[in-house]
Amino acid sequence: MPEPTKKDEMANGQPEVWSLGDGQGPDDLEKPIDSPPRSTLLIESPQSATIPVGGDITFVAKVEAKDLLRKPTIKWIKGKWMDLASKTGKHLQLKETFERLTKIHTFEMHIVKAKDNYAGNYRCEVTYKDKFDSCCFELEVKEAEGSQNFDIRSAFKRSSEGQEDAGELDFSGLLKHRNQREPKADEGPDVDVWEILKNARPDQYEKIAFMYGITDLRGLLKRMKKITRVEKKTEAFAKKLDPAYQADKGGKIRMVVDLADPTVELKWYKNGQEIRSSPNQRKYIFEHKGTQRIMVINNCSLNDDAAYSVAAGDENCATELFVKELPVKIVKNIEPVKTTVNERIELECEVSEEGAQVKWMKNGVEVPTGVRSRYRVKCEGTKHFLVIDDASREDTGTYSIMATGGTSEARIQVDLKPLKIFQDLQDMKVMLGQPINLHCEIFPGNVAGRWYRNGQLIQPNDRINIVHKNKVHRLEVATSTLHDTGDYTFVPEGYSQSLSAKIHIIDPPRVHLESLNFPDNTVTIVAGNKLRLEIPITGEPAPRVVWMKGERVILESGNRVRAETYGDQTSLTIDVTEREDTGNYKIVLQNEAGEATASVKVKVVDIPDPPEAPLVPVVGGDWCSMTWEPPKYDGSSPILGYYIERKKKQSSRWMRLNFDLIKETSFEPKKMIEGVPYEVRIFAVNAIGSSRPSEPSKAFTPLAVTSEPTMLVVDDVTDTTVTVKWRPPETIGAAGLDGYLVEYCVEGTDDWVVSNNELTEKTKFTITGLTPGTRILVRVKAINAAGASSPRTLQHHVMVKEVIEPPKIRVPRHLKQTYTRRVGEAVNLVVPFMGKPRPKVNWLKEGQPIEPTHVNIRNTDCDSIIFIRKAERSHSGKYEMTVQVENHVDTAILDIQVVDLPGPPQSVTIEDVWGGNVALVWTPPKDNGNAPITGYTIQKADKKTMEWFTCIEHYHRSCITITELVVGNEYFFRIFAENMCGLSETATQSKKSALIVKEGMQVKTHEFTDHDFMEAPKFTQPLINTFAIAGYNATLNCSVRANPRAKVVWMKNKITILDDPRYRMFSNQGVCTLEIRKPSPYDGGTYTCKAVNDLGEAQVDCKLEIKGGFTFFELMQRGVPLHLIDKYMNEKVVEPQK
């Protein structure tokens, strides 16, 4: 877009007005701004300047620091609000220096490589406490010639933060962030912002600038000023309003618009509100001159700074009015004043403008002018007044008035009036508690003052009242105290003179016993402690004090008991209190004002005397009952309780029985040992402590009866007797058990009859001589040295009559099925039964009586026992037991089966041989061992070695096919029978052998001489010396070759190992193994394996050492013989010596 020119700068003879908010007219825009007059802080202000694009410039401000205690605060601001302190960086630098000789602060702002958007208004503000000064200046940046086309948005857009030019004069970072697009280097602006701005109203410039990202609004307006505006012809306006107008405050402004049609109705608006004229106000005047319509605004104020528009039909045009406020200057300064207190002071000042805002200051601080303030401010036209109606010395100071265009100050001096004393203070003598009234009379009457007592300032309170009425000053004390005695002084405020008087308080003597805080003024103390009573006394003058006990006066020079008086208190001291110190003590006070007496009661308390020896009237099994009398002297303190102690008579150690005090004078000690003599004693306890122990009681021995007998039941009843039985008492005690006493009582009576005149030691007794048909109740007592125990009584009465109980056999559960035993084992069967009277028992076997020589039978009252010492198979069968009581019979049958190992099968036949298979058939054994055959075990053996190998076990059929036989071998077979007892002792071998030949081939048998495989034993792998850990199984292994098979014998230390459960011996395919279960140290030694057959013998040895040992007790638990334990323990002792 081409750069706007100045050709159309003048339109209709008037220049266009572009207000930038700096209060300058359009003609003065190119001129530098005049510097304001030097302020009270700035001694040198920065000046406006013009620089080319890319140039550097420095602005300097100086502040004199002679009257400043610290460095002032400075702000550099661009436009209205942007603080440049946050924008320092590449293009902006701020610097501060201080010259100590001249005491001048120098503040500099350096702009480096200026750009177009750096142009605008700047402001420098300096602040120190309540002082403020500012200065405005302008920077103009000229563009390089030849630059006609440019992007307005890039020309007036600040550099963003974080980019290369961060730190430039950019305030867009404070605005709302918008999505930024990457600019394209080769493309021009896609929107003609100049055309938009030229066609827009001035009040829309700011909106358009922010819409298109233009943040330097003031620079934009300055460029817009230079653009030649082409007036767009409209139907209503021949010439519109200027874009902006400027007027001084209080001045007048004319807004002119030229209409194309004079008949069109015209309306004026201010900030969108229609402006209406009224005859009573001359603020707005509307004029018509031909086609021109003029609005005149008189007496412009800051409220008139607004946007104005005019509407003609459907069209309108707008403008802005900027009102420039002129500085207010002081025309007439205030004058100094010198006066006295209570006079009226009025300061007057005249300013250049009516209604201007001014500020009154006192000593640099603004004067408060509120409703309750002593200062009044009034304004009459251009005159301003500060009024103080009732002046005081505090009003002395330097007063000043501040306006926008200058200040004026003056000194006010307020002095006191001369003091005159009409009535002085008088000395007084006052009784304690009476009021005090001090007064004086001085002139001037409105002078305040302060009261002092002995140099201390007196403050009014509930008791003291200070009155000032006209010339009279009065000090009133409602109730006098001793502290009110002293020298009183009244000092008028602001004067060096003072009035003084003396007051003396008189008080009769008093004794303040309430400070002891003892009920009834009674002091209680423990004997032996020190007593010191300090009692406050009062009296003016100090009274004379006398202490008395009865008629005896206590002197100050006493040794153990003495009285002392000093200051405002008196004391009674007893170094070591005794019981005789108990009594009333009298205090007598005397002075010239009167006499006072008081008494204090002293009570000396002590531990009580020991009680007398206690009595033990009743003694139980582990307890006793004891009583005693209270002590004769309780120590002047009530007895709180007693402690009880006991000990065994032979012991000297006393044990306390209670830890909580016993209030009563009786007690029952418990948990004593029966048969042991005891003694008890008493301690009396009061609030002071415990007394000495009493004398011990007479020795007593606790003995207890036994507990009642248990499980008392009726054992038998006949027509004349009743037999009962019971069990001993659960608790017998130290007194032992002498016997039992049996008693019975006939139903319907309460008389218990003793059945045994002498005690019985048995737990069963028969009561004889009873009448048949009677009902009796029986009880039993246990008797010992302590007496009879509680009786154990039957729960129900017993009828004395024989009772028939039908017999009943109670067969045990394991006898309800066949009872099986092996041959040689013992048979012992117990079959219980019931019945009364004693039943008859009979046994039968298979219906025949049992021979006593074969089977032993023993019968009792409640069971029958059948016993066979060594069972045989002939003892098998059904045994019938019969129990009979008179006509009642009960029977039971027991099935006993005695079993044995079965015999071998009767015959084994090879039925067929084909391929590698052999078919065998056999017949069951003749003897099955009295038990069913459960299976068979088939074994095979090669004819060459004749070593038998099991083919199958637990086979149930009597025929089988043996498979997987080796071709070329010849086999023999044998079979064992098996029942519940195990395999038969022998086996039945096949008479013929089975030769396994290959099918389809004819074997030609050659005659040859058999090789002799017979060989004496020879060990192919010897034993190896071994170490073992005690408690862990150990094994010894070797291998032997022999034919025929050798018998292997193991020996330890040349002693054969036979049937020892701690050793297990295995031999498989010539490998011999000895396993030692959990060996102990004594198992160590030399072990030998010996192999023997018909051709000879061989043996190998090794040593076994056991690490870790056992104690003598552990060896005994393991069942080791004593001689071996002794040998092992001796070896264990010898080893450390070596």
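The paragraphs below lead through a predicted model of one protein chain, from its overall make-up to individual strands, rings and residues.

The protein chain contains 6 helices and 88 strands, and buried residues account for 38% of its 1138 residues. When contacts between residues at least 6 apart in sequence are considered, 64% of them join residues that are at least 24 apart. With this overall picture in mind, the description can turn to particular strands.

Strand β9, which spans residues 104-111, is a useful place to begin, since 8 of its 8 residues are buried. In a regular strand, the side chains alternate between the two faces of the sheet. In β9, Ile104, Thr106, Glu108 and His110 point one way, while His105, Phe107, Met109 and Ile111 point the other way, and all of these residues are buried. Two antiparallel partners of β9 can be described. Strand β5 (residues 57-64) is joined to β9 by 8 bridges in the antiparallel sense, and within this pairing Val60 has Glu108 of β9 as its bridge partner. Strand β8 (residues 92-99) likewise runs antiparallel to β9 and is joined to it by 8 bridges, with Glu99 standing opposite Ile104. The connection between β8 and β9 is a hairpin with 4 residues between the two strands, and Lys103 in the turn has a positive phi of about 55°.

Another hairpin is found further along the chain, where β67 is joined to β68 through 3 residues. Strand β67 (residues 856-859) and strand β68 (residues 863-868) pair in the antiparallel sense over 4 bridges, and Ile857 stands opposite Ile866 of β68 in this arrangement.

An open sheet can also be followed strand by strand: it consists of 5 strands in the order β39-β46-β45-β41-β42, and its pairing is mixed. Its edge strands are β39 (522-526) and β42 (552-554), each of which pairs on one side only. Neighbouring strands of this sheet are turned against each other by 30° on average, with direction ignored. At the β42 edge, strand β41 (residues 544-549) is joined to β42 by 3 bridges and the two run antiparallel, with Lys549 placed opposite Arg552 of β42.

The aromatic side chains offer another view of the model. A pair of aromatic rings is described by the distance of the centres and the angle of the planes. The count comes to 11 aromatic pairs, and one of them is formed by Trp451 and Phe490, whose rings are tilted, with 4.9 Å from centre to centre and 50° between the planes. Because Trp451 lies in strand β33 (residues 449-453) and Phe490 in strand β37 (residues 486-492), the pair ties together parts that are 39 residues apart in sequence. Both partners fall below the 20% limit for burial: Trp451 is buried with a relative accessible area of 1%, and Phe490 is buried at 0% relative accessibility. Elsewhere, ring pairs link Phe59, Trp76, Tyr122 and Phe137 into a cluster.

Charged side chains also meet an aromatic ring in this model, at Trp654. Lys647 lies over the face of Trp654 at 5.3 Å from the ring centre, and Arg681 lies over the face of Trp654 at 4.1 Å from the ring centre.

Two further residues illustrate contrasting surroundings. Arg692 is located in the loop between β52 (678-686) and β53 (710-717), and because its relative accessibility is 55%, this residue counts as exposed. Arg692 lies 8.6 Å from Ile607, C-alpha to C-alpha, although the two are 85 residues apart in sequence. Beyond its neighbours within four places in sequence, Arg692 is in contact with Pro610, Ile682 and Phe683. Asn917, by contrast, lies in strand β72 (residues 917-922), and its relative accessibility of 19% is under the 20% cut-off, so Asn917 counts as buried. Leaving aside neighbours within four places in sequence, the contacts of Asn917 are Asp912, Thr961, Ile962, Thr963 and Glu964.

Finally, the cysteines may be considered. The count of disulfides in the model comes to 0. Cys300 is buried, with a relative accessible area of 1%, and Cys317, at 4% relative accessibility, is buried as well.

Key. Residues are numbered from 1 along each chain as its sequence is written. This is a predicted model: local features need pLDDT of at least 70, side-chain atom pairs count only at pLDDT 80 or more; totals for chains, interfaces and linings use all residues. Side-chain values use heavy atoms; hydrogens and water are left out. Rings of Phe, Tyr and Trp (its six-membered ring) pair if their centres lie within 6.5 Å; planes under 30 degrees apart count as stacked, over 60 as edge-to-face and the rest as tilted. Buried means under 20% relative accessible area, exposed over 50%, partly exposed in between (1.4 Å probe, protein chains only). A charge sits over a ring if NZ of Lys or CZ of Arg is within 6 Å of the ring centre and within 35 degrees of the ring normal. Contact means heavy atoms within 4.5 Å. A disulfide is a pair of cysteine sulfur atoms within 2.5 Å. Two strands pair if DSSP finds at least two bridges between them. Axes are lines fitted to C-alpha atoms, for helices over the stretch in contact, and angles run from 0 to 180 degrees between N-to-C directions.
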